[in-house]
2 protein chains.
Amino acid sequence: MHNELRRHIEEIVSLTDDEYSLITSHFTLQKFKKNDFLIRQGESVKYTYFVISGLLKLVYYDESGKEHILSFAMEDWWETDYQAFYSTSDATMSLQCLENTTVLRITLKDYHHLCAILPKIVLFFLKKATSGHVASQQRLLSLLSSSAQDRYEQLLHRYPSLFQRVSKTLLASYLGVSRETLSRLTL
Amino acid sequence: MHNELRRHIEEIVSLTDDEYSLITSHFTLQKFKKNDFLIRQGESVKYTYFVISGLLKLVYYDESGKEHILSFAMEDWWETDYQAFYSTSDATMSLQCLENTTVLRITLKDYHHLCAILPKIVLFFLKKATSGHVASQQRLLSLLSSSAQDRYEQLLHRYPSLFQRVSKTLLASYLGVSRETLSRLTL
């Protein structure tokens with residue numbers, strides 16, 4: 001079981017069976033239903049999640065209740081409110097299922113423990129943190145400089161499956177445009 | 001020399017003198033004048049930079065020539081076009097000095113070599129990559145959800161010294177507002 005995680009890690013570092021057993025002993029499998037919350041804005045953040053199957057949204061609700069989507073997370077993604085997770089402060093965003101979702105979760109304590117006893121996993125996490133930083137920098141660049149039309153095309157190009165799995169309202173929120181503006185965007 | 005880097009690393013992992021010598025042997029000191037470019041959009045990206053003194057801007061020029069500021073980098077910051085650096089592709093952004101600047105630079109090959117021979121530095125780079133990811137996620141949240149006034153106040157709160165060191169035009173570009181809008185923002 002959990003072969004998704006092994007395949008995912010072995011894209012970066014190879015593992016013996018014993019090493020992989022050691023890794024999985026630090027994770028817990030958890031299943032959620034559509035609309036369930038893994039993280040709620042204002043509450044504590046205990047885990048980082050690796051998505052085995054399903055789809056989630058990382059969102060921020062502003063004071064007026066308006067929803068802003070920071071990212072979607074699907075198969076092979078790692079997601080949490082990183083600021084809150086690493087600093088053990090309360091969540092400033094929520095993580096909610098858009099489909100039935102299965103994840104492997106790890107606590108901060110187990111994350112540190114695993115890094116201490118298995119140096120090669122640190123290289124893996126470094127690569128993942130770097131990719132996360134790069135993706136955020138690219139999304140920032142896109143938000144600062146691109147038109148809504150360009151952002152729509154970039155998203156379609158990178159994650160074509162999202163357009164079948166996510167409502168137009170959510171796509172509009174991710175792109176930072178109104179539902180009406182999204183309807184006018186075409187390819 | 002380079003005690004700035006040692007102090008900076010030792011905030012996260014402690015080092016022996018030999019380990020620190022090993023680390024610095026992978027870096028090169030380089031001095032730049034105000035307005036010099038460390039990275040030019042469209043050219044290759046050979047280094048990641050650690051800022052010892054000075055101030056830089058990481059910018060993207062869109063097709064109309066308009067400047068978009070992704071971040072400012074000052075003392076103790078690591079900066080580069082990470083996407084281009086890690087994938088050895090051409091820069092999609094530029095890194096330019098706003099003041100005379102001294103940096104320590106490292107190539108991707110030396111970065112990987114250092115990680116391979118000194119496991120504790122991987123933990124340090126993981127912490128830095130994580131912080132970078134968190135900072136990008138927070139800036140993304142701020143751009144998606146905050147008013148220009150709120151973004152101005154957040155910036156002033158986090159980096160008060162920037163307001164003495166950077167022109168109003170650059171601040172406006174960072175905040176994603178016009179120079180006129182910035183003039184109306186107050187505290």
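Student: Which residue forms a salt bridge with B:Glu11?
Tutor: This model is predicted. A salt bridge needs a side-chain nitrogen of Lys or Arg within 4 Å of a carboxyl oxygen of Asp or Glu. Here the closest N and O atoms are 3.6 Å apart. The partner of B:Glu11 is B:Arg7.

Student: Is B:Glu11 buried or exposed?
Tutor: The cut-off for exposed is over 50% relative accessible area. B:Glu11 has 55% relative accessibility. Its partner B:Arg7, at 40%, is partly exposed. B:Glu11, at 55%, therefore counts as exposed.

Student: Which residue does B:Lys57 meet in a salt bridge?
Tutor: The N to O distance in this pair is 2.8 Å. The pair links distant parts of chain B, ten residues apart. B:Lys57 sits in strand 4, and its partner sits in strand 5. That partner is B:Glu67.

Student: Why does B:Lys57 count as buried?
Tutor: Buried means under 20% relative accessible area. B:Glu67, at 22%, counts as partly exposed. B:Lys57 is buried because its relative accessible area is 7%.

Student: Which residues of chain A do salt bridges with shared partners join into one network?
Tutor: Look for salt bridges that have a partner in common. Such sharing ties the residues into one network. Its members are A:Arg6, A:Glu10 and A:Asp17.

Student: How many salt bridges does the structure hold?
Tutor: The count runs over all chains. The bridge between B:Lys57 and B:Glu67 is one example. The total is 16.

Student: How many residues apart are A:Glu75 and A:Arg165?
Tutor: Their side chains meet in a salt bridge, 3.4 Å from N to O. A:Glu75 is in the loop between strand 5 and strand 6 of chain A. A:Arg165 is in helix 7 of chain A. The pair links distant parts of the chain, and the separation is 90 residues.

Student: What is the relative accessible area of A:Arg165?
Tutor: Partly exposed covers values between the 20% and 50% cut-offs. A:Glu75 is partly exposed at 32%. A:Arg165 is partly exposed too, and its value is 26%.

Student: Which side chain makes a polar contact with that of B:His68?
Tutor: B:His68 lies in strand 5 of chain B. At 6% relative accessibility, B:His68 counts as buried. The polar contact is 2.9 Å. The side chain it joins to B:His68 belongs to B:Asp62.

Student: Which residues of chain A are in contact with B:His68?
Tutor: Leave aside the neighbours within four places in sequence. The contacts then include B:Leu58, B:Val59, B:Tyr60 and B:Ser173. From chain A come A:Leu144 and A:Ser145.

Technical notes. Residues are numbered from 1 along each chain as its sequence is written. Chains are lettered from A and ligands numbered from 1 in the order in which they are written. This is a predicted model: local features need pLDDT of at least 70, side-chain atom pairs count only at pLDDT 80 or more; totals for chains, interfaces and linings use all residues. Side-chain values use heavy atoms; hydrogens and water are left out. Helices (H or I, at least four residues) and strands (E, at least two) are DSSP runs, numbered from the N terminus. Buried means under 20% relative accessible area, exposed over 50%, partly exposed in between (1.4 Å probe, protein chains only). A polar contact is a pair of N or O atoms within 3.5 Å; within protein, one must be able to donate a hydrogen and the other to accept it, and residues adjacent in sequence count only if both atoms are side-chain atoms. Contact means heavy atoms within 4.5 Å.
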